[in-house]
Amino acid sequence: ITSGIFSKIRHPIYSGLICCLAGLSITTASVYRLLFTIALYYCLDIKSDFEEKKLMETFSDYEKYKKAVPDKFYPDSMLPWSDI
């Protein structure tokens with residue numbers, strides 16, 4: 001995949017879910033929701049590692065795609081500390 005969102009990050013649906021829940025946590029000033037969002041991030045990270053392992057077993061080109069798109073949930077260039 002050489003264009004669109006999948007050319008920037010490998011798991012855009014998980015990214016959207018994490019961003020929505022983080023935004024809801026901030027908007028409602030809920031520490032519990034924020035903790036849930038952090039826990040969800042951790043779970044999705046583990047789940048995506050498992051999925052990627054299966055993808056590499058099934059599709060020989062997936063390793064090449066993973067190298068071409070190193071960012072899993074969000075482009076590193078979007079992080080405020082990416083210029084440091």
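What follows is a chat about the helices, aromatic rings and a surface patch of a predicted model.

Trainee: Where should I start, and what is the span of helix α1?

Mentor: Helix α1 covers residues 12–27, which is 16 residues, and from its first C-alpha to its last it reaches 22 Å, close to the 22 Å expected at 1.5 Å a residue.

Trainee: Which residues of α1 are buried, and what do they pack against?

Mentor: Pro12, Tyr14, Ser15, Ile18, Leu21 and Ser25 are buried in α1, and the buried residues of that helix pack against α2, residues 31–58. Just after α1, alanine 29 has a positive phi of about 50°.

Trainee: Switching to aromatics, how many pairs are there?

Mentor: The count comes to 3 aromatic pairs. One of them joins tyrosine 14 and phenylalanine 73, with 6.3 Å centre to centre and 55° between the planes, and is tilted. Tyrosine 14 lies in helix α1 and phenylalanine 73 in the segment after α3, so this pair ties together parts that are 59 residues apart in sequence.

Trainee: Are those two buried or exposed?

Mentor: Tyrosine 14 and phenylalanine 73 are both buried, and together with Tyr41 they form one aromatic cluster.

Trainee: What about tyrosine 62 and tyrosine 65?

Mentor: Tyrosine 62 and tyrosine 65 are 3 residues apart in helix α3, separated by about one helical turn, and both are buried.

Trainee: And on the outside, which residues make the nonpolar surface patch?

Mentor: Val31, Tyr32, Leu34, Leu35 and Ile38 make a patch of about 570 Å². Valine 31, which sits in helix α2, is exposed, with a relative accessible area of 56%.

Methods. Residues numbered from 1 in each chain as written. Predicted model: local features only at pLDDT ≥ 70, side-chain atom pairs only at ≥ 80, totals over all residues. Heavy atoms only, no water. Helix = DSSP H or I, 4+ residues; strand = E, 2+ residues; numbered from the N terminus. Expected span 1.5 Å × (residues − 1). Buried < 20%, exposed > 50% of the residue type's maximum accessible area, 1.4 Å probe, protein only. Contact = heavy atoms within 4.5 Å. Patch = residues over 30% accessible without salt bridge, like charges linked within 9 Å, V, L, I, M, F, W, Y side chains within 5 Å. Areas by Shrake-Rupley, 256 points an atom, 1.4 Å probe, with all protein chains shown as cover. Salt bridge = Lys/Arg side-chain N within 4 Å of Asp/Glu carboxyl O. Phe/Tyr/Trp six-rings, centres within 6.5 Å; stacked < 30°, edge-to-face > 60°.
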